[in-house]
Structure formats: C-alpha cells, structure tokens
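Good morning, and thank you for the time. Please look at the sequence and the model on the screen, and I shall then take you through the main elements.

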Amino acid sequence: SRDFVRVPSGADGRAVYFGRGAFHLHRPPACGFLLQEMGCGKTVVTLALLLANPAARGEPRGTLVVVPVTLLANWKAEAAKLLPRGARVKVVDSAAKRSLSLRELKTFDLVVTAYTLLADSPVMRVPWHRLVLDESQWVRHRSTVACQLARDIEAPRRWALSGTPCPTSIADLSGQLWALRLPGYEQPNLFTGRCRPRPRPSPPA
C-alpha cells in the first residue's frame, strides 16, 4: 500500500511498516470498503477492478462475489454487459451448488453466489484471488452463519460493498470488519475502543 513505508527489519528478521501515525509488523492487508449509495456504480467499479488487477501466474484465478440471492441475476447481467467476451463467469445458484466440481470452479474469472447458499457449497473449498461481499451489512453480526462462513473463505484480497453499512449503529461494522479479517479491528474489544460513537453535545442552556 502507498500509505505505508517498509522499513528494514531488526535482529529478528522482520520488517516494520509505518503509516498514518502507527506501525505494523505485517504488511497492511488488501481489504476495505466501497461505500456508495445504490445506483452509484459499485458493481461497475468491482468489475473494473477485476480487469485492472487480475491474478498473477500461479495464483488462484477467480474473484468470488457473495450477494443477497435477489442480486444474482443483476450481477450476471452486468458481467455479461461489461466484461470481455472471453471472460469466464459462473453464477452458483442452488442447482450449480450441487453439481459443480472444484476443478471446474477454479477455471472461472468471476463466480457469484448468495450468502444463503454458502453452507456446504464448493466455493468454500476453493482459494480465491479476491473476495467481494456485496451488501455487506448482511454479515454485520459475527454470530450469524453468513458472517462466519464469509470469514472462512480463503482470499488474500477482501472487499465489502454497501450503501447502508450501518443500518442500526456503528457497531454494525464489527462483523463486517471481522469477515474482512482486518487486523486491529477483528476483536470486539479493540473495535469498541477505536470505533466508539462520539457523545452528542448537550444543547445550549
């Protein structure tokens, strides 16, 4: 990341990354949020990222996008319209979930499935180049099955898309950060300490 500077390591052989007034013993993760209102182009930006940053030789090939089941058709239509003709795209619905082999799954550039279909899905057993959680407020509670399964998906690049990331309070970010595996915010006590809402000022007397 350009926001961090790698500094030569000390006696233990590790590097230190400095940035934004803090230091880290590991390279900052490739993860984050894209927060825009509905209709502002989050799907388009994600598909552009797919083309701009493809997997290198020897890396897992595909990007896995997890969405509410009602958005499967929308992602399929947008991918067909915007991706090059040769791009391999697969929507893993309830039928494909039962019939798709792991070997075939690894050949796709883009795979789209639903949060409600993750359990016992072959997508859980394949490493991915990138994971995208669309409408990420679906995983705002870490106690839910959807959040736990999203976290278990293996992908070094992890992104959350939402127009309403905090439907009830800032605490809704906790599960989403956990699913993204963002260091420093994964533990509830650290999240609470760093993301505590500011008290509202008292009205003038």
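I begin with one pair of residues: Asp134 has Leu161 in strand 9 as its bridge partner. A second such pair is Arg130 with Arg157 of strand 9. Strands 8 and 9, the latter covering residues 157–162, pair in the parallel sense over five bridges. Strands here are DSSP runs of E of at least two residues, helices are runs of H or I of at least four, and both are numbered from the N terminus. Two strands count as paired if DSSP finds at least two bridges between them.

Before going further, a word on the source. This is a predicted model, in which local features need a pLDDT of at least 70 and side-chain atom pairs count only at pLDDT 80 or more, while totals for chains, interfaces and linings use all residues. Residues are numbered from 1 along each chain as its sequence is written, and side-chain values use heavy atoms, with hydrogens and water left out.

How confident is the predictor, on the pLDDT scale from 0 to 100 for each residue? The chain averages a pLDDT of 84, and 78% of the residues score at least 70. Over residues 1–5 the pLDDT is below 50, and this stretch has eleven contacts in the model beyond near neighbours in sequence. Residues 16–26 also have a pLDDT below 50, with 27 contacts beyond near neighbours in sequence. A contact means heavy atoms within 4.5 Å. Where pLDDT is low, the predicted coordinates should not be read in detail.

Now the overall picture. The chain has seven helices and nine strands. Of its 205 residues, 39% are buried; buried means under 20% relative accessible area, exposed means over 50%, and partly exposed lies in between, with a 1.4 Å probe and protein chains only. Among the contacts in the chain with a separation of 6 or more, 64% are between residues 24 or more positions apart.

How are the strands of the sheet ordered? Six strands form an open sheet in the order 4-9-8-5-7-6, with parallel pairing. Strand 4 (30–35) and strand 6 (89–92) stand at the edges with a single partner strand each, so one side of each has no neighbour in the sheet. The twist averages 15 degrees from one strand to the next. For such angles, axes are lines fitted to C-alpha atoms, for helices over the stretch in contact, and the values run from 0 to 180 degrees between N-to-C directions.

At the strand 4 edge, six bridges join strand 4 to strand 9, and the two run parallel. Cys31 has Arg158 of strand 9 as its bridge partner. Strand 9 is mostly covered, with five of its six residues buried.

Strand 5, residues 63–67, is likewise mostly covered: five of its five residues are buried. Which way do they point? Thr63, Val65 and Val67 point one way, and Leu64 and Val66 the other. In a regular strand the side chains alternate between the two faces of the sheet. Five bridges join strand 5 to strand 7 (residues 110–114) in parallel, and Thr63 stands opposite Leu110 there. Four bridges join strand 5 to strand 8 (residues 130–134), also in parallel, with Val66 opposite Leu133.

Next, the helices. Helix 2 (residues 72–82) lies across strands 5, 6, 7, 8 and 9, and runs at about 165 degrees to strand 7. Helix 6 lies across strand 4, strand 8 and strand 9, running at about 145 degrees to strand 4.

Helix 5 (residues 145–152) packs with helix 6 (residues 173–180) at an angle of about 30 degrees, their axes 7 Å apart. The two helices are therefore roughly parallel, a term for angles under 35 degrees, with over 145 being roughly antiparallel, 65 to 115 roughly perpendicular and the rest oblique. Cys147, Gln148, Ala150 and Arg151 of helix 5 make the contact with Gly175, Trp178 and Ala179 of helix 6.

Finally, two backbone details. Most residues other than glycine have a negative phi, and most peptide bonds are trans. Asp120, not a glycine, has a positive phi of about 60 degrees. Asp120 is in the loop between strand 7 and strand 8 and is exposed, with a relative accessible area of 73%. Arg181 also has a positive phi of about 60 degrees. Arg181 is in the loop between helix 6 and helix 7 (188–194), and counts as partly exposed at 25% relative accessibility.
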